[in-house]
Amino acid sequence: MLAIGLDIGSITTKIAVMDGNDLLDTNVSFTGYNAESAWRKILKDTLDRLQLKESVVDRIIATGYGRNGVGIADKTVTEIKCHAVGARFYMSNVRSVIDIGGQDSKFIRIDADGNVADFVMNDKCAAGTGRFLEVMARALEVELADFGKLSLNARKSSAISSMCTVFAESEVISLISKGEQRENIIAGIHESIVNRLVSMISRSKIEEPVVLTGGVAQNIGIQTALAKKLQIKIRVPDTAQVNGAIGAAILAGNI
Amino acid sequence: MKTFAYFDSGHEFPEEIVMAAGFSPMKILGDVHQGTAAADEYLFPFFCPFARGCLSDALANSEKWDGIGVAHGCDATDHHYDMWRAHVMGVPIFWVNTPMKIDQTAQIFYRKELTRFIDNLIKQYSVKIGENELKDAIRLSNQVKSLMQQLASLRAKKDISNQDYFEMTHKAVQMPKELLVEELKTTLADWEGRGPFPAGKTPILLTGSDVTFVEYMELLDTAGLRVVRDDLSLGERYFATTIPDTADPVQALVTYSFDMPRSATRVPSDSRLEYILGALKDTKIDAVLSQNMKFCEPYAMDAVWTVPALKGRGYHVMHFERDYTPSDNQMLTRLEAFKETIQQKGGRQNV
């Protein structure tokens with residue numbers, strides 16, 4: 001059974017191809033203005049790379065913000081369920097998933113049977129998401145990919161008190177003008193995101209093992225700040241960014 | 001018939017008194033499509049957007065109305081009486097205070113308040129509001145409530161969309177009652193002939209802030225969630241109980257006001273929870289969608305204890321905040337995810 005999961009996020013589009021229980025390939029590209037163009041291209045590129053034709057694909061499940069626009073999908077499933085399933089593929093006994101995507105962040109609690117027991121999401125606000133980091137990286141003139149490593153060199157964390165992305169950006173610019181070290185500001189930004197996440201998580205109940213997923217999960221600064229704040233071990237799969245797509249592919253294989 | 005508009009937040013306004021005075025009561029609901037720009041001239045954007053929408057409505061339409069009543073509901077309605085008197089011109093505005101509590105003192109207070117309101121209407125409009133007029137109004141009102149009860153009970157059995165139900169709850173508080181009764185009878189015949197409850201839909205109870213625009217109900221239907229019970233004032237709170245047929249019509253209105261399902265602006269909250277639990281049990285449904293509109297503090301705070309109280313009893317419960325906007329598709333993911341969590345266990349969750 002050749003199954004594909006397509007995760008159309010607000011910033012990136014992800015794909016996972018599975019043959020039975022084997023993960024054959026994953027891929028990531030920017031969603032951009034035209035989500036349909038993005039998923040068609042990533043689907044073609046990935047199948048080309050695997051030297052497969054679209055006709056041999058048995059099932060496709062679409063997830064993510066743009067899931068309803070994937071006309072060829074056999075089914076759509078929410079990213080909540082897909083991230084839970086994807087995290088279980090990485091760690092079968094996972095009980096909590098923290099997913100930080102481009103536009104939203106979510107906490108998913110999984111019960112002993114592997115079902116989604118509860119979930120909470122951020123409310124229509126960029127704070128605590130990948131978009132927040134993007135805005136801050138631009139203000140600090142730092143590549144987003146370098147954000148995590150730079151924060152590890154911080155001597156202290158600058159206090160970022162505003163929860164609003166726009167006001168936080170003003171706060172960061174103010175810190176820059178005061179001569180605050182860039183690394184300290186980045187560490188402060190990470191702490192700010194983590195504080196918001198932990199407040200959100202506290203509306204549910206975190207249980208270990210905890211898996212961190214989504215594009216922001218690759219940021220070592222976020223991983224470190226989150227583990228410190230929650231005082232628990234945070235597991236991050238290599239496939240964190242495509243975790244939702246993997247979950248979708250697994251579900252597609254089970255239809 | 002002359003229109004008497006009113007602004008309340010949890011079905012506090014005594015419609016029957018203005019009906020007895022010869023008016024057609026019409027609940028002010030604002031218009032989400034028109035926005036709140038007119039009211040924003042006087043109010044900051046962090047105030048309840050629904051209340052701002054109602055003020056915008058009043059500023060635009062008060063000339064078409066013969067009177068406005070503001071009844072004590074949440075803090076927003078309280079303060080709006082003063083604001084509207086200052087800014088909504090050309091129409092008499094009345095204040096009806098309603099007690100927060102339901103004890104004996106509150107009953108005495110409320111009776112005096114209703115009598116004061118009746119006296120003020122008589123003085124302002126030179127109308128007669130006697131026992132007979134009040135009893136006729138109560139009879140008509142009860143006819144509406146009874147028909148609405150019958151309609152609402154079909155939601156769990158028939159294919160009644162959220163939008164269809166919304167439309168009738170809207171008409172119930174805005175249409176002239178005599179015309180409404182005829183429309184309700186026609187609708188009842190239509191709904192009774194509908195197909196069975198659709199297999200792909202998940203029945204839920206909806207609680208929290210009032211839903212004042214149809215797009216939100218459509219969104220729930222799109223997510224596969226069918227509202228078969230609720231405790232909204234634009235819903236069951238309006239018709240769940242009828243007004244007692246007693247010799248003293250003013251006392252009957254007092255009793256009715258105290259017996260209806262409670263909103264989150266009233267204390268204690270236990271009876272509010274009891275109504276929800278009773279509705280879940282009666283209809284044999286396991287899922288509750290709790291929501292509050294942004295800046296609707298009573299329901300935001302109420303959810304802090306009602307949501308855990310319901311979860312603790314094993315029900316599927318999701319609470320979230322929504323905006324005052326007809327376009328809220330970002331909510332679709334969590335609504336669909338809520339449906340997925342209900343379906344995966346096929347019933348109650350063990351929390």
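Two strands count as paired if DSSP finds at least two bridges between them. The exercises below apply this to a predicted model.

**Exercise 1. Determine how strand β7 of chain B is paired, and in which sense.**

Solution.
Step 1. Begin with the neighbour β5(B), residues 202-208. This strand and β7(B) are joined by four bridges and run in the parallel sense. One position fixes the register: B:Gly208 has B:Gln291 in β7(B) as its bridge partner.
Step 2. Turn to β8(B), residues 316-322. Seven bridges connect β7(B) to this strand, again with parallel pairing. Here B:Val288 is placed opposite B:Val317.
Step 3. Trace the connection between β7(B) and β8(B). The chain passes through helix α13 (residues 297-311) of chain B, and the resulting β-α-β crossover is right-handed.

**Exercise 2. Decide whether β7(B) is enclosed or open to the surroundings, and sort its residues by the direction in which they point.**

Solution.
Step 1. Recall the general rule: in a regular strand, side chains alternate between the two faces of the sheet.
Step 2. Sort the residues. B:Ala287, B:Leu289, B:Gln291 and B:Met293 point one way, whereas B:Val288, B:Ser290 and B:Asn292 point the other way.
Step 3. Apply the cut-off for burial, which is 20 or more other C-beta atoms within 10 Å. Seven of the seven residues of β7(B), residues 287-293, are buried, and the strand is therefore largely enclosed by the rest of the structure.

**Exercise 3. Describe the open five-stranded sheet of chain A and the helices that pack on it.**

Solution.
Step 1. Write down the strand order, which is β3-β2-β1-β4-β5 in chain A, with mixed pairing. The edges are formed by β3 (22-30) and β5 (75-76) of chain A, each of which pairs on one side only.
Step 2. Examine one pair within the sheet. Strand β1(A), residues 2-8, runs parallel to β4(A), residues 59-63, and five bridges join them. Within this pair, A:Asp7 lies opposite A:Thr63.
Step 3. Add the helices. Helix α8 of chain A (residues 243-253) packs on the sheet and touches β1, β2, β3 and β4 of chain A, its direction making about 140° with that of β1(A). Helix α1 of chain A (residues 35-49) lies across β1, β2 (12-19) and β3 of chain A, and runs at about 140° to β3(A).
Step 4. Consider the confidence of the prediction. Chain A has an average pLDDT of 92, and 100% of its residues score at least 70. Among the elements of chain A, β4(A) has the highest mean pLDDT, 98, and helix α5 (residues 165-177) the lowest, 86.

**Exercise 4. Identify which element of chain A gives the most to the side that touches chain B, and characterise that element.**

Solution.
Step 1. Count the residues in the contact: 11 come from chain A and 12 from chain B.
Step 2. List the elements of chain A that give two or more residues to this side, namely α2 (79-90) and β8 (116-121). Of the elements of chain A, β8(A) gives the most, with four residues.
Step 3. Classify the side of chain A that touches chain B: five residues are nonpolar, two polar and four charged.
Step 4. Place β8(A) in its setting. Six of the six residues of β8(A) are buried, so the strand is largely enclosed by the rest of the structure. Its pairing with β7(A), residues 105-110, is antiparallel over five bridges, and A:Ile108 has A:Phe119 as its bridge partner in β8(A). The hairpin of β7(A) and β8(A) has five residues between the strands, and A:Gly114 takes a positive phi near 90° there.

**Exercise 5. For A:Gln231 and B:His11, establish the backbone geometry and decide whether each residue is buried or exposed.**

Solution.
Step 1. Consider A:Gln231, whose phi is near 60°, a positive value in a residue other than glycine. The residue is located in the loop between α7 (220-230) and β10 (234-235) of chain A.
Step 2. Consider B:His11, likewise not a glycine, with a positive phi of about 60°. This residue is in the loop between β1 (2-7) and α1 (15-20) of chain B.
Step 3. Compare the neighbour counts with the cut-offs, 20 or more for buried and 12 or fewer for exposed. A:Gln231 has 6 other C-beta atoms within 10 Å and is therefore exposed. B:His11 has 26 C-beta neighbours inside 10 Å and is therefore buried.

Methods
Residues numbered from 1 in each chain as written. Chains lettered and ligands numbered in written order. Predicted model: local features only at pLDDT ≥ 70, side-chain atom pairs only at ≥ 80, totals over all residues. Contact = placed C-beta atoms within 7 Å. Axes fitted to C-alpha atoms, helices over the stretch in contact; angles between N-to-C directions. Right-handed = clockwise from strand over helix to strand, strands pointing away. Nonpolar A, V, L, I, M, F, W, Y, C, P; charged D, E, K, R; others polar. pLDDT = per-residue confidence, 0-100.
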